Amino acid sequence: MEIQCPHCQQPVEVTATVAHCEHCQQEINLEARCPDCHQPLQVLKACGAVDYFCQNGHGLISKKRVEFVPV
């Protein structure tokens with residue numbers, strides 16, 4: 001899923017819960033959501049790895065499946 005900058009509509013680089021737009025130098029806060037129930041995910045960080053957990057019964061969610069939405 002490609003996220004676009006809300007200011008200039010250019011693609012942004014996503015890192016965990018923040019996106020950075022190289023074009024207009026804006027930082028965009030993102031919320032990770034479950035692709036099944038669309039509820040916010042718990043972000044688990046350990047030893048440099050980032051995992052996502054759905055507390056609504058869907059368990060661990062692969063980073064490839066996470067829906068990132070601007071907040």
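In what follows, a residue is called buried when its relative accessible area is under 20%, exposed when it is over 50%, and partly exposed in between. With these words in hand, Asp36, at 41% relative accessibility, counts as partly exposed, and the same scale serves for the other residues discussed below.

The structure is a predicted model, and the predictor's confidence is therefore a sensible place to begin, pLDDT being that confidence for each residue on a scale from 0 to 100. The mean pLDDT of the protein chain is 89, and 97% of its residues reach 70 or more. Among the elements, strand S1, which covers residues 13-15, has the lowest mean pLDDT, at 81, whereas S6 has the highest, at 95.

As for the overall architecture, the protein chain contains seven strands and zero helices, so that, read from the N terminus on, its elements follow the order β-β-β-β-β-β-β. The C-alpha trace spans about 40 × 30 × 15 Å along its principal axes, and of the 71 residues in the protein chain, 24% are buried.

Turning to the interior, the largest nonpolar core has 15 residues, and the members that touch the most others are Val12, Leu41, Tyr52, Ile61, Val66 and Phe68. Two elements, S3 and S5, give two or more residues to this core, and the largest share, three residues, comes from S3.

Two of these core members, Tyr52 and Phe68, deserve a further look, and both of them are buried. A search of the whole structure finds one aromatic pair. Tyr52 and Phe68 form this pair in an edge-to-face arrangement, with 5.9 Å from centre to centre and 80° between the planes. The pair links distant parts of the chain, since Tyr52 belongs to strand S5 (residues 49-54) and Phe68 to strand S7 (residues 67-70), the two residues being 16 apart. The term edge-to-face applies here because the angle between the planes is over 60 degrees, which is the cut-off for that label.

The charged side chains offer another view of the model, for a search of the whole structure finds two salt bridges. In one of them, the side chains of Arg33 and Glu31 meet at 2.7 Å, N to O. Arg33, with a relative accessible area of 29%, is partly exposed, and Glu31, at 23% relative accessibility, also counts as partly exposed.

In another salt bridge, Arg65 is joined to Asp36, and their closest N and O atoms are 3.0 Å apart. Because Arg65 lies in the loop between S6 and S7, while Asp36 lies in the loop between strand S3 (27-33) and strand S4 (42-46), the pair ties together parts that are 29 residues apart in sequence. Arg65 has a relative accessible area of 40% and is therefore partly exposed, as is Asp36 at 41%.

Finally, nonpolar side chains also appear on the outside of the model, where Leu44, Phe53 and Leu60 form a surface patch with about 260 Å² of accessible area together. Of these residues, Leu60 is found in strand S6, which covers residues 59-61. Leu60 counts as exposed because its relative accessibility is 60%, a value that lies over the 50% cut-off for that term.

Key. Residues numbered from 1 in each chain as written. Heavy atoms only, no water. Patch = residues over 30% accessible without salt bridge, like charges linked within 9 Å, V, L, I, M, F, W, Y side chains within 5 Å. Areas by Shrake-Rupley, 256 points an atom, 1.4 Å probe, with all protein chains shown as cover. Salt bridge = Lys/Arg side-chain N within 4 Å of Asp/Glu carboxyl O. Helix = DSSP H or I, 4+ residues; strand = E, 2+ residues; numbered from the N terminus. Buried < 20%, exposed > 50% of the residue type's maximum accessible area, 1.4 Å probe, protein only. Phe/Tyr/Trp six-rings, centres within 6.5 Å; stacked < 30°, edge-to-face > 60°. Core = buried A, V, L, I, M, F, W, Y, C linked by side-chain atoms within 4.5 Å.
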